[in-house]
Amino acid sequence: MRLVFVGAPGVGKGTQAKRLEQQFGWTVVATGDLLRAAIAQQTTLGRQAQAYIQRGELVPDSLVNDLVAERIRQLDSFILDGYPRNLSQAETLETMLDSPLDAVVLFDLDEDRLIQRLSGRRVCPACGAVFHIVANPSQRGEQCDRCEAQLVVREDDKPETIRNRMRVFREQTEPLVAFYEERGLLRRVCADGTPDEVYQRLLEAIHTT
Ligand code: AMP
């Protein structure tokens, strides 16, 4: 299975992608996670990407295209979470694949709910676990359930940056909806409700139930 997940920041793509990975073993390739890891390690890529991410802008295509091409080359099954983010990346992705994707899942949620979700998100800087202060709190409060590190607010989940990321989504990523609809690949999933509810809808949308 080769899937692309599209959706605004905070819609829960990452949570749902990890569930599919656990159940079916399809590898999640999350460009945001790869870029944050590169920043943490201060690699050349990380240093180039850092300022864009802090401003809530897209990192230049040339940096992410190579990153994705290298990751998916060896994979029969994958879920792309956060890539492509604009039409040019979508066109580049087609050139990386020898046959079409199986489906592109669009996660839908209104903007007020998105902002609520983003502002309550807490992440573990050590192991990458993601929590929400209301919907999915860590049993250890402000510490990670799994590794006990102190949880943090993602740098780009601060209110100013959230607004910018929403704008970038509307202007640059939303045109992908028509692009994939034309190709007959788009599946819409309502992202409201609990992670379990959304997961059931996702399974139906990709016909695995
Ligand atoms: P995410 O974790 O998917 O919300 O991504 C966090 C940030 O990483 C985004 O706001 C962008 O700055 C950058 N980023 C992630 N994926 C891409 C991509 N496909 N193209 C450009 N920038 C990206």
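Student: Which residues come nearest to the ligand, and what makes a residue count as near?

Tutor: The ligand has 16 residues around it, and Thr31, Arg36, Glu57, Gly82 and Gln89 come nearest. A residue is called near a molecule or strand if one of its heavy atoms lies within 4 Å of it. The model is predicted, so local features need pLDDT of at least 70 and side-chain atom pairs count only at pLDDT 80 or more, whereas totals for chains, interfaces and linings use all residues. Residues are numbered from 1 along each chain as its sequence is written, and side-chain values use heavy atoms, with hydrogens and water left out.

Student: What makes the pairing of Arg36 with the ligand a polar contact?

Tutor: A polar contact is a pair of N or O atoms within 3.5 Å; within protein, one must be able to donate a hydrogen and the other to accept it, and residues adjacent in sequence count only if both atoms are side-chain atoms. A polar side-chain atom of Arg36 lies 3.0 Å from an oxygen atom of the ligand, so the pair meets the distance limit. A polar backbone atom of Gly82 is 2.9 Å from a nitrogen atom of the ligand, and an N or O atom in the side chain of Arg165 is 3.4 Å from a ligand oxygen atom. The protein covers 95% of the 480 Å² of accessible area that the ligand has on its own, by the Shrake-Rupley method with a 1.4 Å probe.

Student: Which element gives the largest share of the shell around the ligand, and how is such an element defined?

Tutor: Helix H2 (residues 31-40) gives the largest share, with 4 residues. Helices (H or I, at least four residues) and strands (E, at least two) are DSSP runs, numbered from the N terminus. By class, the shell has 6 nonpolar, 4 polar and 6 charged residues.

Student: Why is Arg2 called buried?

Tutor: Buried means under 20% relative accessible area, exposed over 50%, and partly exposed in between (1.4 Å probe, protein chains only). Arg2 has 12% relative accessibility, and it therefore counts as buried. Arg2 belongs to strand E1 (residues 2-7), and its side chain makes a polar contact of 2.6 Å with the side chain of Ser99.

Student: Why is Gln54 called partly exposed?

Tutor: Its relative accessible area is 42%, which means that Gln54 falls between the two limits and is partly exposed. Gln54 is found in helix H3 (residues 44-55). Gln54 and Glu155 are 101 residues apart in sequence and 6.6 Å apart in space, C-alpha to C-alpha.

Student: How do you know that Arg85 is in that class as well?

Tutor: Arg85 has a relative accessible area of 32%, and is therefore partly exposed. Arg85 is in the loop between strand E3 (78-81) and helix H5 (87-96). Pro84 lies in the loop between E3 and H5, and a cis peptide bond with omega of about 0° joins Tyr83 and Pro84.

Student: What makes the phi value of Gln42 worth noting, and where is Gln42 found?

Tutor: Phi of Gln42 is near 55°, a positive value in a residue other than glycine. Gln42 is found in the loop between H2 and H3. With 37% relative accessibility, Gln42 is partly exposed.

Student: Where is Glu148 found, and what is its phi?

Tutor: Glu148 is in the loop between strand E6 (130-132) and H7. Its phi is near 70°, a positive value in a residue other than glycine.

Conventions. Nonpolar A, V, L, I, M, F, W, Y, C, P; charged D, E, K, R; others polar.
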